[in-house]
Amino acid sequence: MYICAEYDIVDPKKFIVRQRYDMERIQLQDNKRDLAVLVGLRSPVLREDSTDEESLEELSALVETAGGQVVGSILQSRDKPDPHSFIGEGKVEEVKTMVTLEGATLVIFDNELSPSQIRVLTELLGVQVIDRSGLILDIFAQRAKTKEGCLQVELAQYQYLLPRLIGMWTHLERQAGTSGKGPIGSKGPGETQLETDRRHIHRKIDKLKEELEEVRRVRSTQRQRRMKNEIPVVAIVGYTNAGKSTLLNAITGADIPANNRLFDTLDTTTRLLTVSDTLDVVISDTVGFIRKLPHQLVEAFKATLEELEYADLLLHVIDLSNPQWAQQAQVVDSLIRELKADHIPCLRVYNKCDLAFPGALPREEGSVYISAKTGEGIDRLLGAVDQKLDKGTRRVTLHLPYDKAGLLDGLYREAKVESVEYEQTITVVAVCPPKVLGQIKPYVEGWQEEKEDWE
C-alpha cells in the first residue's frame, strides 16, 4: 500500500518506484501499516458494480492482502451516484469525520470511480482516495515475480493511470503556456506537462504491448508443438483463494507457494501430469478471478488467459467452505464467457469439502468433490479427467512381422512406445491414439472391432 504524493517526475514508472521507496521508508520509521476507511455505494443503476456487505468484506480482505488495516467502513444506499462526489456532500462529511477520528491515511471505494471523482474526493477528504481497481492493481504489482507477470501488471497499471493523469499532475500545469500562473514573459503556446506525460505513457504502453505480443508468439509455438504431439491441455480456473495452487501441488507434486490469501498466484505454472496409463496431459494453474476485476487486468493478462481458449478441458475449482461460493462460481463463469472459452468442456471441482457441512454439498451430476489439502477425492478427480478426455487411446501389444518393421518408425513418431522385443516377431507395447490403431489393427494382439450400439 503506497501513499500517493506529488513529485516533479515525468516518468510514471519512476513515480511509482519513488512512491514505493518513500512509503517503505515511512513504514520503517513509524512501524505501522496504512489505515484505511472503506466506502461502498449500493444503487440499482450500478448493477454489477453495486456494493453489498459481502463485497465490502471481500474488499477488507484485499486491504489486508495489500498490507493495510481497515479501521472503518461505510455503506451508503441511494438511487444513483452523485456525478460530482459519487456519494454526495453529506456522506463525504461523514467519511471525513471517520477519517479524522480513526487517523486513517487512505479511503478505498468498493465501486469504480471516475478520474474527476477521485480528484474531488481527495481534495474534500484530505487523504488519498483510490477505488477497488486501483487496490487490486497494487496487489498484483506486489505479487508478480516473473518477467511475463511483471510486464502484464505494468501494462495494466499504465492503462489505469492514463485517464487519471489530469488529477495527479495539477501542480505541473504547463512547461511554458497559457495557464496564467507562470512568470511574466512565459505566456504563450506551449505543451502542457499533462500532454508530455500522456505521450510518454502511450509510448510505454506500445512497447509493453510489443513485448507481450512476443510472449503470445512463444506461447503459440509451444501450443502448436503440444497439438502436434496430441497432448491434451487442462487449465485450472476459479475464484481467487479457491485452492487452485494447492490442487496442482496435490496432483503433480509441484512446489508452488499456496497460502490462504487472495491473489497468491499471478504467474502461470505448467506441469506434465500422468492421469492414467493411457493419458498424459499438460496442466496449467491460472490467476484467480474476482468480482469487479479491473478491465485493464483482463486485457493485460490475455497473453496468459488466452491459454483457456485453447485448452481441452477446464477444471473450475470452487471453494465450498465460502458461504458465497455460488456467487463466486457465477463470476468465474461470466469471465470464462468474456474470454470466449465457454465452448470448452468444463469439470466443476468442489474443493475444501472437508470444511463444508455435508448437508450443504450441492448434488450436481458430473462434478467432483475433493479436499486438495488432505488429498480426499483426488483419485476420483483424475478418473473424471481421464473420462472427459478419453479419445480412444489404448495400450496394445503388437506382433509385427519383420517385413513390416518400417511401421515401427511411425509408432515412435505418433504413439508412445514402451517396449520393443525382437523374437519370432517384433513385439511392441505402445499407447496408441485411434488414428494409429486404425493403421496397425491387423497386428494387435486380441484385436476386436468395437460394435456400434445398433449392432
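How much accessible surface does the protein chain have, and what share of that surface belongs to carbon and sulfur atoms? The accessible surface comes to about 23,500 Å², and 49% of it belongs to carbon and sulfur atoms. Areas here follow the Shrake-Rupley method with a 1.4 Å probe; for residues, only the protein chains shown count as cover.

This is a predicted model: local features need pLDDT of at least 70, side-chain atom pairs count only at pLDDT 80 or more, and totals for chains, interfaces and linings use all residues. Residues are numbered from 1 along each chain as its sequence is written, and side-chain values use heavy atoms, with hydrogens and water left out.

**Whole chain**

Show the protein chain as a cartoon. Its secondary structure comes to 15 helices and 13 strands. Both are DSSP runs numbered from the N terminus: helices are H or I with at least four residues, strands are E with at least two. Of the 455 residues, 49% are buried. Buried means under 20% relative accessible area, exposed means over 50%, and partly exposed lies in between (1.4 Å probe, protein chains only). Take contacts between residues at least 6 apart in sequence: 66% of them join residues at least 24 apart. A contact means heavy atoms within 4.5 Å.

**Stop 1: helix 5**

Select residues 132–143, which form helix 5. Pick out Ser-133 in this helix. Its relative accessibility is 6%, so Ser-133 counts as buried. Leaving aside residues up to four places away in sequence, Ser-133 touches Glu-112, Tyr-160 and Pro-294.

**Stop 2: two cysteines**

Next, select Cys-150. It is partly exposed, at 35% relative accessible area. Move to Cys-353, which is buried at 12%. How many disulfides are there? The count is zero, where a disulfide is a pair of cysteine sulfur atoms within 2.5 Å.

**Stop 3: strand 7**

Select residues 279–285, strand 7. The strand is mostly covered, with six of its seven residues buried. Now add strand 6, residues 269–276. Strands 6 and 7 pair in the antiparallel sense over seven bridges; two strands pair if DSSP finds at least two bridges between them. One pair to label is Leu-273 with its bridge partner in strand 7, Val-281. A hairpin of two residues links strand 6 to strand 7.

Then add strand 5, residues 233–238. Strand 5 runs parallel to strand 7, joined by four bridges. Here Val-234 stands opposite Ile-283 of strand 7.

**Stop 4: the three-stranded sheet**

Go to strands 11, 12 and 13. They form an open sheet in the order 11-13-12, with antiparallel pairing. Strand 11 (394–400) and strand 12 (416–422) are at the edges with a single partner strand each, so one side of each has no neighbour in the sheet. From one strand to the next, the twist averages 15°. Six bridges pair strand 12 with strand 13 (residues 426–432). Label Tyr-422 and its bridge partner in strand 13, Ile-426.

**Stop 5: helix 14**

Finish on helix 14, residues 407–414. It lies across strand 11, strand 12 and strand 13, at about 155° to strand 12. Axes are lines fitted to C-alpha atoms, for helices over the stretch in contact, and angles run from 0 to 180 degrees between N-to-C directions.

Which residues of helix 14 are buried? They are Leu-408, Gly-410 and Leu-411. Viewed down the helix 14 axis, they fall within an arc of 160°, so they line one face. That arc is taken over directions from the helix axis to the C-beta atoms. Their cover includes strand 11, strand 12, strand 13 and helix 15 (434–440). Turn to the other side of helix 14: Asp-409 and Arg-413 are exposed there.
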